[in-house]
There are 2 protein chains.
Amino acid sequence: MKCMTKLILYGLFLSTLCSQARIIDVASHGVVPGKDSTYALNNLIQSVQDEPDVTLSFPKGQYDFHSENALEMHRAVSNHDNGLKRMVFPLFNHKNITIDGGGSVFMMHGRVIPFTIESVDGITLKNFSIDWKQPFHAEMKVVERDLKKNSAVFEVDEQLYPHIFQHGQLLFDRMGQKDPIGMTIVFDPQTRAPIFDTDKYSLNSSRTKASKTGKNRIKLEGGFKKEPPPIGSVMISYGVHPTSRLCPAIHVTNSKNLQIENVTVYAAGGMGLIVERTENCTLNDMKVTSTKERVVSSRADATHFIGCKGLIKVEDCLFEHMLDDAINVHGAYVPVVEYLGNNEFLCNISHSQQWGLTFGEAGDRIVLTSRKTVLPFFETTITDVRKLNEHRFVMTVAEMPTQLPDVPLSVENLTWYPDFIFRNNIVRENRARSILVTTKGKVLIENNYLSSQMHGILIEGDNNSWYESGAVEDVTIRNNEFVNIGYDNHDRYPVLASPLLKSDQHLGEGRYHRNIHFINNTIKSFNGHMVKARSVDGLLVSGNKIEFSSTYPQSEGDPALSMEYCDHVTIENNTATGFKTELVITESADTTHVKTEQNNGFKNSK
Amino acid sequence: MKCMTKLILYGLFLSTLCSQARIIDVASHGVVPGKDSTYALNNLIQSVQDEPDVTLSFPKGQYDFHSENALEMHRAVSNHDNGLKRMVFPLFNHKNITIDGGGSVFMMHGRVIPFTIESVDGITLKNFSIDWKQPFHAEMKVVERDLKKNSAVFEVDEQLYPHIFQHGQLLFDRMGQKDPIGMTIVFDPQTRAPIFDTDKYSLNSSRTKASKTGKNRIKLEGGFKKEPPPIGSVMISYGVHPTSRLCPAIHVTNSKNLQIENVTVYAAGGMGLIVERTENCTLNDMKVTSTKERVVSSRADATHFIGCKGLIKVEDCLFEHMLDDAINVHGAYVPVVEYLGNNEFLCNISHSQQWGLTFGEAGDRIVLTSRKTVLPFFETTITDVRKLNEHRFVMTVAEMPTQLPDVPLSVENLTWYPDFIFRNNIVRENRARSILVTTKGKVLIENNYLSSQMHGILIEGDNNSWYESGAVEDVTIRNNEFVNIGYDNHDRYPVLASPLLKSDQHLGEGRYHRNIHFINNTIKSFNGHMVKARSVDGLLVSGNKIEFSSTYPQSEGDPALSMEYCDHVTIENNTATGFKTELVITESADTTHVKTEQNNGFKNSK
């Protein structure tokens, strides 16, 4: 009996020990500034894997993490290039762990993924910044150009962007990889943003001849689309697929309750944050921005969420200078190759950057959709998934339709769609869009400053190109400020809501998106665009103010509001000021139940 | 009590069931000729994983295995290129399994590894052949050549070797990969072997301009070392590292009791058979050879064994037309980066094609060696190995020397060296050597026909280039026939025994190899070479007959028998016939205890 009492007391003691958060000073485990701390940190992280409620506390300083001794694993990373990944913070199966950087800089050396977070329940990242000694792009300042010869001379720092020339080709020597110029975009150092109409300076690098003309000087002859970029502008070279998106800054998958607070990402060989199949994510005061020395921050999106659930809440963040969108929240359509019988579908992940994705697991509710219309037709539940390879899996479902229609099919996971709040954030001076969102959850986008080069908010969904699923059901966009959206000078809108269809697809019987409310937003615009919608049932555009902005050359021709194949549309109390003529509202003949009233500065054009 | 009796009876029943070999007709599991059977076979193999003593029996026929639905895994494969591997026979953890092909052809389509055998205890592969619809090299028959312009026109079958031209470069469209010409070698269709002195036709493919001159016609201009290959010869293009050795035919690792009988490998994107860390391997009547339509068989070695133990027995096999050696049996030297203290060594696998290798595990006896001399200096036992990444691991050892010498170190695994019998085999018409062997086990090479383009038997070992370990201790080479060894026209020998040293290394105090007996062999030779030895203690060359062969142009200058830094050498009763002059025996000043007697047709030259 005495023994039993002892055992109970010991049990109580243990459980008390476990429920108290333990704070570990990383310095006492050999993680200190002034040396490569990867090995010591890897060991420390592994040692606390089975201990819940732990804080790893970094005394303020610069910590260097090299790739040589880093733990490695073959990893599929959605929207990136899969492969062997070396990991600085390899967080697997931890429970309630906090990484508190105490204001430190985490400086990466080489091809590493700073944070890998898998099957973690409860994680907080706070108070640090992530940077790389050598970034994943090159910045090339134009110092001379010859319009006639379609050539230019660039200043390229040989220390920061070491490079060689091979058979007239420029190759950047980037952490053990020889990266060709690949994709390019030109930034304007005045605005610190992509230059207006950057496309006209774009470089076909297979058609250019590169040579060294002096210290830190590179000449490129030929290959510029219309002309070489202006003197003083900065051309960014950011490589080629499939070797240019190997290292996001933070990769989270299959986890729960992620919190990021006061974290700055200065560079990334991919996205700042990529999150897969995770429940509840909160970003607060996260920044993706460039250092003073560089124009560009991350190689791809600032943040990206695929197949998540619960709530994604993003507040008080700054996303700027990245080479892709600020945020994208979506699911995945996966095409069916063949129905194998016995409720089994052979499925093929069709977008190369979704290869290896966990589409679903037993218990997930899914829907079969037509690849002709992108519309759903039968809901069922997964009972088993067997992965064959990174491309293919065999999925067994509980219930089957009495007959499968004679069209190409795909599947969509209904269980893994999150609600989404995006509030009080700044997005600016980046390539591409501010926000992409396709989730069936409740979406609120409010009080943001959005100034992107392509669309402001893109609500898309497609089953043939990016395979991003999630026709929306409830989206509110209110009290945002949209500034000079679309300065890539294409047909861009503060809000574009439309599935992306290929020529052999059609919109089908029902509308794709539902209930999009665009309310009380302010738009400063050189092109007079507000909202373009296609296949939306329930569109409210109300109380918005659009003012002319003279920052960029005024565009003409496209309507301010455009509706195609929509239903239940209300456009009311919107005001346009400062434009030469009234802005145009158009609706297609197959758009129904439209109410347009009390709009100032607009005219209808049917 | 009744219940207990029932249990015992049930147990007996189960154990009887388990001890009987079950023969499974694969046809009853959907594995049938005339369709892609990969998925069905993968499933069948997985279903018998926990069932010992099983034979998968294939009714005779051609079975097609495509890559699309194959199980996939990131795999390190020694002496190959690591990466995601798709597997046709994924054999993991099976016990006493037999694959009986019944005389069938296993035809591969795409980048797959036909056999992956890991942690299997007892496996027999028999009665089948492995081939690929599209091989991993291209055969280009010379139909015209212009010596002045250093150019040639080749006939290349567009169906079998589909290709494109890009910026003057020829790229083979090989199962989803665009492979440049890369390495080349010229075969002589008369001998079905590499052409004499093939090096003079070798192509620097970065300096050649490729173009299409008609159907199945490709012109290459420039880049041939001395001249384009002769009309009628066949140039083999076999790609570049690290994408040209992705798919061996059979990969075995960490297994026991492997038996291969009556198996033919007609092609492989790498080696015919690569075996790592496996105990007891028997090959009987294995063939690596080309089909009638092709000149070349495997892209690399016919067979290769690294870090094995027990006995490797190879009998009655035929190895021909491969692009590398017939067999290589060796261990690995792994350099030490740093002694971390606490008996821990940070080690770095230095040859790219050993990355991912299991160097050792707890319990293995190892030796620390100097990287200056390649000589051992302290034996100890591994107590733990922690893998960091494919390059590096941290190894803990039981005992440490009192002081570590101030030289670069490496480690060698003493536990994993096999005995080796190579008997009654034919090796011919291949690029490179017949046999490479560096093992501390007992070696017997007898009654073979060996006719390779480089050395016949190479007993090397090096710590700076290939990192192949295993100074030999007991090698007998007897009653073999060596025919025209060295027709690449370099300084080749039927037997070369010498560690490979770099300029900053030296031979050290002791001899590296020991006890090599070369007895009663017959050598037909155009160059008069027999044995070259360096750093060997105990060399017996006895009763061998060397006859002049006129097949290739007679070479001059190098000695028939050459000894450098050897000890305890006996050269006796050897006969040379048919050569213009007496063959030369040389020994260096630091060679000691040499006995030379009763040799006919030889002369000593000190």
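Q: Is B:His593 of this predicted model buried or exposed?
A: The model is predicted. B:His593 lies in strand E51 (residues 592-597) of chain B. Its relative accessibility is 55%, and exposed means over 50%. Therefore B:His593 counts as exposed.

Q: What is phi of B:His593 near?
A: B:His593 is a residue other than glycine. Even so, its phi has a positive value. Phi of B:His593 is near 55°.

Q: Is B:His568 buried, partly exposed or exposed?
A: B:His568 sits in strand E48 (residues 567-572) of chain B. Phi of B:His568 is positive, about 55°, although this residue is not a glycine. Its relative accessible area is 41%; buried needs under 20% and exposed over 50%. So B:His568 is partly exposed.

Q: What kind of peptide bond joins B:His241 and B:Pro242?
A: B:Pro242 is found in the loop between strand E18 (234-237) and strand E19 (250-253) of chain B. The angle to check is omega, which is about 0° for the bond from B:His241 to B:Pro242. The bond is cis.

Q: Which residue of chain A does a cis peptide bond join to A:His241?
A: Omega of this bond is near 0°. The partner of A:His241 lies in the loop between E18 and strand E19 (250-253) of chain A. That partner is A:Pro242.

Q: What rotation superposes chain A on chain B?
A: Two copies of a chain are related by a rotation about an axis and a shift along it. Here the shift along the axis is 0.0 Å, and the RMSD is 0.1 Å. The rotation is 180°.

Q: Which kind of axis relates the two copies?
A: A rotation of 180° with 0.0 Å of shift superposes chain A on chain B. The two copies are thus related as by a two-fold rotation axis.

Q: Which residue of chain A has the C-alpha nearest the axis?
A: The rotation that superposes chain A on chain B is 180°. In chain A, the nearest C-alpha is 3.2 Å from the axis. It belongs to A:His74.

Q: What percentage of the interface residues of chain A are also interface residues in chain B?
A: The copies meet through the same surface. This follows because the interface residues of chain A are also interface residues in chain B, and the share is 100%.

Q: How many of the 10 residues of helix H2 of chain A are buried?
A: Helix H2 covers residues 38-47 of chain A. Its buried residues are A:Thr38, A:Tyr39, A:Ala40, A:Leu41, A:Asn42, A:Leu44 and A:Ile45. So H2(A) is largely enclosed by the rest of the structure, and its buried count is seven.

Q: Is B:Thr38 buried or exposed?
A: B:Thr38 is found in helix H2 (residues 38-47) of chain B. Seven of the 10 residues of H2(B) are buried. The relative accessibility of B:Thr38 is 0%, and the cut-off for buried is under 20%. So B:Thr38 counts as buried.

Q: Which residue has its backbone oxygen 2.8 Å from a polar atom of the side chain of B:Thr38?
A: Not counting residues up to four places away in sequence, B:Thr38 touches B:Asp64, B:Phe65, B:His66, B:Ala70 and B:Met87. One of these provides the backbone oxygen. It is B:His66.

Q: Is A:Phe224 buried or exposed?
A: A:Phe224 lies in the loop between strand E17 (217-221) and strand E18 (234-237) of chain A. Beyond four places in sequence, its contacts include A:Phe154, A:Tyr201 and A:Met235. Its relative accessibility is 4%, so A:Phe224 counts as buried.

Q: Which strand gives the most to the lining of the second largest pocket?
A: The pocket is about 820 Å³ and is lined by 44 residues. Strand E14 (184-188), strand E45 (531-534) and strand E48 (561-564) of chain A each supply at least two of these. With three residues, the top contributor is E45(A).

Q: How many residues of the lining of the second largest pocket are charged?
A: Among the residues nearest the pocket's centre are A:Asp324, A:Arg431 and A:Arg433. The lining has 14 nonpolar and 14 polar residues. Its charged residues number 16.

Q: How far apart in space are A:Trp466 and A:Leu500, C-alpha to C-alpha?
A: A:Trp466 is found in the loop between strand E38 (457-459) and strand E39 (468-469) of chain A. Leaving aside neighbours within four places in sequence, A:Trp466 is in contact with A:His351, A:Gln354 and A:Leu500. A:Trp466 and A:Leu500 are 34 residues apart in sequence, and their C-alpha distance is 9.3 Å.

Key: Residues numbered from 1 in each chain as written. Chains lettered and ligands numbered in written order. Predicted model: local features only at pLDDT ≥ 70, side-chain atom pairs only at ≥ 80, totals over all residues. Heavy atoms only, no water. Buried < 20%, exposed > 50% of the residue type's maximum accessible area, 1.4 Å probe, protein only. Helix = DSSP H or I, 4+ residues; strand = E, 2+ residues; numbered from the N terminus. Least-squares fit on C-alpha atoms with pLDDT ≥ 70 in both. Contact = heavy atoms within 4.5 Å. 1 Å grid on protein atoms, 1.4 Å probe; cavity = no way out; pocket = protein on both sides within 12 Å on 5 of 7 lines; lining within 4 Å. Points joined across faces, edges and corners; volume = space filled by probe spheres on them. Nonpolar A, V, L, I, M, F, W, Y, C, P; charged D, E, K, R; others polar. Polar contact = N/O pair within 3.5 Å; in protein donor to acceptor, adjacent residues only side chain to side chain.
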